[in-house]
Amino acid sequence: MTVEGAGPRSGAGEGTAPAEAGDTVVPEGRDDVRGISDLTFRIIAPYLSSAVLYKVMLVLLGLMTAACVIAAPVRLSALPLIPLPVLGVGFYALRQVRAAGGEYRPLLRWSCLLFAATLFGLWLLSVVGRWVS
C-alpha cells in the first residue's frame, strides 16, 4: 500500500514523508483514470484487440463478400457488386486492427473504420436487395 500525497517534500531530507492524517491510502498497482478518453482506452481497447473479435469480423466480412459475389450472376445484374469496395475497406481496416496490437489509439481508429464500413456495407446490401427485386 502507498499513501497518496506522500513523497519528497521540502525539508524532508531523504526518502518519503510519513503518512499524515489527511492522506488517503491507495492500493498498489491501481492507476487513476484521468478523463473520458482514458476510460475509453482502458475499457474498450482490450476487447478490440481480442482474437475472437478478429475471427468473427473476418467471417462476417467474408460472408457478406460471398453473398455479393454469388448474387451478381444469380440476379444477372452488376448491382450486387456495389458493396464490394466498402467491404474491401472493411478488410483493410481489419488487417490494420490486427497489426495495431497493443497500441490503443490506432486500434481505436481502425476499429471505428472497420465497424463503420461493415455497417455501411450491410446497409448497401439491403438497399441493393430492394433495387434488384
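**Note on a predicted model**

1. Start at the surface. Ile 36, Leu 39, Ile 43, Ile 44 and Tyr 47 make up a nonpolar patch there, with a combined accessible area of about 530 Å². Patches take residues with over 30% relative accessible area and no salt bridge; nonpolar side chains (Val, Leu, Ile, Met, Phe, Trp, Tyr) are joined within 5 Å, like charges within 9 Å. A salt bridge is a Lys or Arg side-chain nitrogen within 4 Å of an Asp or Glu carboxyl oxygen. Areas are Shrake-Rupley values with a 1.4 Å probe, and for residues only the protein chains shown count as cover.

2. This is a predicted model: local features need pLDDT of at least 70, side-chain atom pairs count only at pLDDT 80 or more, and totals for chains, interfaces and linings use all residues. Residues are numbered from 1 along each chain as its sequence is written, and side-chain values use heavy atoms, leaving out hydrogens and water.

3. Helix 1 (residues 36-43) gives the patch its largest share, three residues. Helices are DSSP runs of H or I, at least four residues, and strands runs of E, at least two, numbered from the N terminus. Ile 36 sits in helix 1. Ile 36 is exposed, at 67% relative accessibility. The classes are buried (under 20% relative accessible area), exposed (over 50%) and partly exposed in between, with a 1.4 Å probe and protein chains only.

4. An unreviewed UniProt entry lists residues 52-72, 78-95 and 107-132 as "transmembrane region". Such annotations may be inferred rather than shown by experiment; positions follow the numbering used here, and feature names are shortened. Residues 52-72 are 100% helix and 0% strand, with end C-alpha atoms 31 Å apart. Residues 107-132 are also 100% helix and 0% strand; their end C-alpha atoms lie 37 Å apart.

5. Cys 68 is buried, at 1% relative accessibility. Cys 112 is partly exposed, at 48%. The whole structure has zero disulfides, meaning pairs of cysteine sulfur atoms within 2.5 Å.
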